[in-house]
Amino acid sequence: MTKILVAGASGFLGKYILKELDNWKIPAIALVRDPEKLNGLKLANLEVVKAEVTRPKSLCDVCKDVDTVISTVGITRQKDELTYMDVDYQVNINLLREAKRSGVRKFIYVSVINGDKLRHLKFVEAKERFVDILNVSGLEFTVIRPNSFFSDLRDVLNMAEKGRLALFGNGESKLNPIHGADLAEVCVRAVAQKDKEIAVGGPDILTQNEIAEMALCAWNKPANIVHVPNMFRSLILNAAKIFLPVHRFGWVEFFLTLMAGDNIATRYGNHRLQDFFNQEVKQIKQQFNQK
């Protein structure tokens, strides 16, 4: 039976992929640095393997009898001192080498939307260098290019609690963010598909104004949105470049660049952003009441 190895399995998307594989009754190997992070998952046909993916020797034989590797490995807001090249590039190179050595059929890699056009950004550069290697690896492969995650917009939701949100420009740039569960389904379906690249977003194409209104609505606040001239985006980026470490600045640079224009991918899934915001607020309130 097909066996799938999920690298970065304890991360946000990785856990959803494990659940989706379980839904399909596909045996999975969860490759993690800290197995305790998966303690809450009670899934059948799941093998948990501990490995330090930055050390190639620890990956020896992890791909034995594996048909497909799905890698979600990458830095987002990591707090240690590892660089994007250390993780997004080199760790995935380590995985790819072990996959080839073990005779893996396919490698699925989760990158970012429009990554091929945003290689100048620190957050994207290392990812796309790995994609270059994957292209000439000789393995079957698919690069998944998701639009913004719902979870990426938690910052917007948190700021909305104060009753006011600021947007750069007129707020009419569009995107279709996607829920982790819907993206996980895309990743698992890609195991049997021939597409080399899949750009995907959620079912609803939304303006930034509409997203801000949803966040405020979740807190039962009026639509109080302030529009800031775009020139301030550059000022914030310049300040962040000076004061933030590289592995934190990269995410800020990517997010602010992405929000400067339209980012629309193939629509997929059935999760709605307003429902996500409402659930997040409900959980925040419950946690506050328990204190």
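# Exercises on pockets and salt bridges

The largest pocket has a volume of about 1300 Å³. Of its 44 lining residues, Gly11, Phe12, Thr72, Gly74 and Thr76 are the closest to the centre. The structure is a predicted model.

## Exercise 1

Determine which element supplies the largest share of the lining of the largest pocket, and how the lining residues divide by class.

Solution. Begin with the elements that each supply at least two residues: helix 1 (12-23), strand 2 (28-32), helix 2 (84-101), helix 3 (122-135), helix 4 (154-160) and helix 8 (246-258). The largest share, 4 residues, comes from helix 8. By class, the lining consists of 22 nonpolar, 13 polar and 9 charged residues.

## Exercise 2

Describe the second largest pocket by its volume, its central residues and the class of its lining.

Solution. The volume of the second largest pocket is about 610 Å³. It is lined by 26 residues, of which Val156, Met159, Phe168, Phe255 and Leu256 are the closest to its centre. Two or more lining residues come from each of helix 4, strand 7 (165-168), helix 6 (208-218), helix 7 (231-243) and helix 8. Helix 8 gives the largest share here, with 6 residues. The class count is 17 nonpolar, 3 polar and 6 charged residues.

## Exercise 3

State which residues make the nonpolar surface patch of about 300 Å², and classify leucine 235 by accessibility.

Solution. The patch is made by Met231, Phe232 and Leu235. Leucine 235 is located in helix 7. Its relative accessible area is 47%. The partly exposed class lies between 20% and 50%, so leucine 235 is partly exposed.

## Exercise 4

Establish which helices are tied together by the salt bridge between lysine 127 and aspartate 88, and whether the two residues are buried or exposed.

Solution. Side chains of opposite charge can pair when their charged atoms come close. In the pair of lysine 127 and aspartate 88, the closest N and O atoms are 2.7 Å apart, and the cut-off for a salt bridge is within 4 Å. Lysine 127 belongs to helix 3 and aspartate 88 to helix 2, so the bridge ties together parts that are 39 residues apart in sequence. Both lysine 127 and aspartate 88 are buried.

## Exercise 5

For the salt bridge of arginine 189 with glutamate 185, find the spacing along the chain and the accessibility of each partner.

Solution. The N to O distance of this bridge is 3.2 Å. Both residues lie in helix 5 (residues 180-189), where they are 4 residues apart, about one turn of the helix. Arginine 189 has a relative accessible area of 37% and is partly exposed. Glutamate 185, at 21%, also counts as partly exposed, since buried requires a value under 20%.

## Exercise 6

Locate the partners of the salt bridge between aspartate 204 and arginine 272, and then give the total count of salt bridges.

Solution. The closest N and O atoms of aspartate 204 and arginine 272 are 2.9 Å apart. The bridge links distant parts of the chain, 68 residues apart: aspartate 204 is in the loop between strand 9 (197-201) and strand 10 (206-207), and arginine 272 is in the loop between strand 12 (266-267) and helix 9 (273-290). Aspartate 204 is partly exposed at 22% relative accessibility, and arginine 272 is partly exposed at 36%. Elsewhere, Asp67, Arg105, Glu140 and Lys194 are joined into one network by salt bridges that share partners. The count comes to 13 salt bridges.

Terms used: Residues numbered from 1 in each chain as written. Predicted model: local features only at pLDDT ≥ 70, side-chain atom pairs only at ≥ 80, totals over all residues. Heavy atoms only, no water. 1 Å grid on protein atoms, 1.4 Å probe; cavity = no way out; pocket = protein on both sides within 12 Å on 5 of 7 lines; lining within 4 Å. Points joined across faces, edges and corners; volume = space filled by probe spheres on them. Nonpolar A, V, L, I, M, F, W, Y, C, P; charged D, E, K, R; others polar. Patch = residues over 30% accessible without salt bridge, like charges linked within 9 Å, V, L, I, M, F, W, Y side chains within 5 Å. Areas by Shrake-Rupley, 256 points an atom, 1.4 Å probe, with all protein chains shown as cover. Salt bridge = Lys/Arg side-chain N within 4 Å of Asp/Glu carboxyl O. Buried < 20%, exposed > 50% of the residue type's maximum accessible area, 1.4 Å probe, protein only.
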